[in-house]
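Visitor: I would like to learn how to read empty space and helix packing in a model. Could you take me through an example?
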Amino acid sequence: MDGGGTHRTPEDVFRDFRARRSGMIKALTTDVEKFYQQCDPEKENLCLYGLPNETWEVNLPAEEVPPELPEPALGINFARDGMDEKDWLSLVAVHSDAWLLAVAFYFGARFGFDKDSRKRLFVMINNLPTIYEVVTGTAKKQTKEKTPKSSSKSNKSGSKPPRQPDPNSRGSKMPPPKDEDDSGGEEEEEEDHENTLCGSCGDNYGQDEFWICCDACETWFHGKCVKITPAKAEHIKHYKCPNCSGSSKRARA
């Protein structure tokens, strides 16, 4: 985000924060196999960067001193083989959260945000689950505790995910729809759907979006985040998300 002579708002910085966050979540979830391979312990100090275009990269730290932006944690690759994979990913996630906050409030200081603007920025950021919460599944557990269990039934042609999957719908490739006859529960059902978080990007449920549930970890994903279309989902008997598939492959290696 280039400051230039343009007036920047907390909303501008939040959009940058959200895009970088989305890229880093992809690295630690849907792209975890690629991320794991790039973090070679034999290489020099490596960092995980989230980019403003919602992508990520593993690279060496900036050479200029001081750097243009705050730098992420150095040497994430060195701990890769010395820790349990889930613990290592959780550690990278924690450092990624800290880096995102540092970058956001660096921009806040650079653009001269006052107390109210800084507070507005923090509130927007705080309304999103942290990367650590998405990677460890904590965000999903917190959401389940907030809202009563959904009474929706499984239906493959649906497009709206339940906040807490029904035991009978584990094999469903698409989230069940809201019961059209149950007009009295429409508002509660909508709130139920809106609290659902994508296991890849961490974003909430959006209107008319296709979702798919992993049969291994029971996490819901945007179809676009895991590159699954409704047509493709119809031919999948047991879907495993990239994270579960990657862990299984490495366990057999």
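Visitor: Which residues line the second largest cavity?

Guide: Happy to help, and please keep in mind that this is a predicted model. The general idea first: rolling a probe the size of a water molecule over the atoms shows where empty space is left. In this structure, the second largest cavity is lined by M24, L48, P72, A73, I76, V92, H95 and S96.

Visitor: How many cavities of 30 Å³ or more are there, and how much space lies in the second largest cavity?

Guide: The count is two cavities of 30 Å³ or more. The second largest cavity holds about 50 Å³ of space.

Visitor: What is the character of its lining, by residue class?

Guide: The lining of the second largest cavity has six nonpolar residues, two polar ones and no charged ones. Helix 3 (residues 85–110) gives the largest share of that lining, with three residues.

Visitor: Let us stay with helix 3, then. How do I read its packing against helix 4 (residues 115–126)?

Guide: Two packed helices are described by the angle between their axes and the distance between the axes. Here the axes of helix 3 and helix 4 come within 11 Å and cross at roughly 155 degrees. An angle over 145 degrees counts as roughly antiparallel, so helix 3 and helix 4 are roughly antiparallel to each other. The crossing of helix 3 past helix 4 is right-handed.

Visitor: Which residues make the contact?

Guide: From helix 3 come L101, A104 and F105, and from helix 4 come R118, L121, F122 and I125. By class, the contact of helix 3 with helix 4 has six nonpolar residues, no polar ones and one charged.

Terms used. Residues numbered from 1 in each chain as written. Predicted model: local features only at pLDDT ≥ 70, side-chain atom pairs only at ≥ 80, totals over all residues. Heavy atoms only, no water. 1 Å grid on protein atoms, 1.4 Å probe; cavity = no way out; pocket = protein on both sides within 12 Å on 5 of 7 lines; lining within 4 Å. Points joined across faces, edges and corners; volume = space filled by probe spheres on them. Helix = DSSP H or I, 4+ residues; strand = E, 2+ residues; numbered from the N terminus. Nonpolar A, V, L, I, M, F, W, Y, C, P; charged D, E, K, R; others polar. Axes fitted to C-alpha atoms, helices over the stretch in contact; angles between N-to-C directions. Parallel < 35°, antiparallel > 145°, perpendicular 65-115°, else oblique. Left-handed = near helix turned anticlockwise from the far one by under 90°. Contact = heavy atoms within 4.5 Å.
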